Amino acid sequence: MELITIKTPEEIEKMRAAGRLTAQARALAGSMIRPGVTTGEIDREVRKFIRSHGAKPSFLGYGGFPGSICASVNEVVIHGIPGSRRLEEGDIVSIDVGAYLHGFHGDCAATFPCGKVSPEAQKLMDVTRESFFKGIAQAKAGNRVRDIGHAVQQYVESFGYGVVRDFVGHGVGRQMHEPPEVPNYGPGGHGPRLMPGMVIAVEPMVCAGDWRVKVLPDKWTTVSVDGSLTAHYENTILITEGEPEILTVTEDGTYA
């Protein structure tokens, strides 16, 4: 069994700082989303922002990934490579970003509208975001990891949407991906027991249609098999003695 690390109070303080910076980077990316902007332009600004705070973009070079953000548009669920794609009115854009500061990572994502989007697209974004909060309502000491995913799946599927199975949430700390895996589906009452000091990324990935996905030949870009719209929402959270604490929150206390 892989070892799940329990963070010390000193480590948690460093993770709060990394999480704050990561949330600010997500907010910056979201503020840039408008028709005519390229995903590469957003990536460059986020990279400059993270580096200007003495941190490193967690994603840049990770497994060979060429960007500092994942910019996933419409049917792209995750791992969209930023580049020359110019955003258009009505697109929905999932931004996933990580920052490495003082030896620890922050990791968060959100899906943003580009200009005016369809009611269907807005509903998908809203349900995906809310499913995160349904999930973390179960992220309490003494519960099991799978209680989180069960709550996410029950909520998402009540709208007729599909929860991605091939990719899951994860622990976060000195490494961007640590044990345990945090699925967004499955029966509750299973998986490792949640304990104070555990830090995990909860990240529902939702398809408006079939839950199945495929990875394109570039070995990164992951799309819905049926071409349906997709959305992604993620925060890094700390398990406490009481309610979970969202670490990827900006200085003014907000998150996407």
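These exercises work through helices and a sheet in a predicted model.

**Exercise 1.** Compare the end-to-end distance of helix α3 with its expected span.

*Solution.* Helix α3 covers residues 119-136, which is 18 residues. The rise is 1.5 Å a residue, so the helix should span 26 Å. Its end C-alpha atoms lie 26 Å apart, and the two values agree.

**Exercise 2.** Which residues of α3 are buried?

*Solution.* Apply the cut-off: buried means under 20% relative accessible area. The residues of α3 that qualify are Ala121, Leu124, Met125, Val127, Thr128, Ser131, Phe132, Gly135 and Ile136.

**Exercise 3.** Determine the strand order of the open sheet, find its edges, and place α3 against it.

*Solution.* Start with the order: the 3 strands run β6-β10-β13, with antiparallel pairing. Next, the edges. β6 (162-163) and β13 (230-232) each have a single partner strand, so one side of each lacks a neighbour in the sheet. Now add the helix. α3 packs on the sheet and touches β10 and β13. The direction of α3 makes about 35 degrees with that of β13.

Then check one pairing. β10 (residues 205-207) and β13 are joined antiparallel over 3 bridges. Cys207 has Thr230 in β13 as its bridge partner.

**Exercise 4.** Describe how α1 and α2 are arranged.

*Solution.* Take the axes of α1 (residues 9-32) and α2 (residues 39-52): they come within 10 Å and cross at roughly 150 degrees. Angles over 145 degrees count as roughly antiparallel. The two helices, α1 and α2, are therefore roughly antiparallel. The crossing is right-handed. Finally, list the contacts: Leu21, Gln24, Ala25, Leu28, Ala29 and Met32 of α1 meet Glu41, Ile42, Glu45, Val46, Phe49 and Ile50 of α2.

Methods. Residues are numbered from 1 along each chain as its sequence is written. This is a predicted model: local features need pLDDT of at least 70, side-chain atom pairs count only at pLDDT 80 or more; totals for chains, interfaces and linings use all residues. Side-chain values use heavy atoms; hydrogens and water are left out. Helices (H or I, at least four residues) and strands (E, at least two) are DSSP runs, numbered from the N terminus. The expected span of a helix is 1.5 Å times one less than its number of residues. Buried means under 20% relative accessible area, exposed over 50%, partly exposed in between (1.4 Å probe, protein chains only). Two strands pair if DSSP finds at least two bridges between them. Contact means heavy atoms within 4.5 Å. Axes are lines fitted to C-alpha atoms, for helices over the stretch in contact, and angles run from 0 to 180 degrees between N-to-C directions. Angles under 35 degrees count as roughly parallel, over 145 as roughly antiparallel, 65 to 115 as roughly perpendicular and the rest as oblique. A crossing is left-handed if the near helix is turned anticlockwise from the far one by less than a right angle, and right-handed if clockwise.
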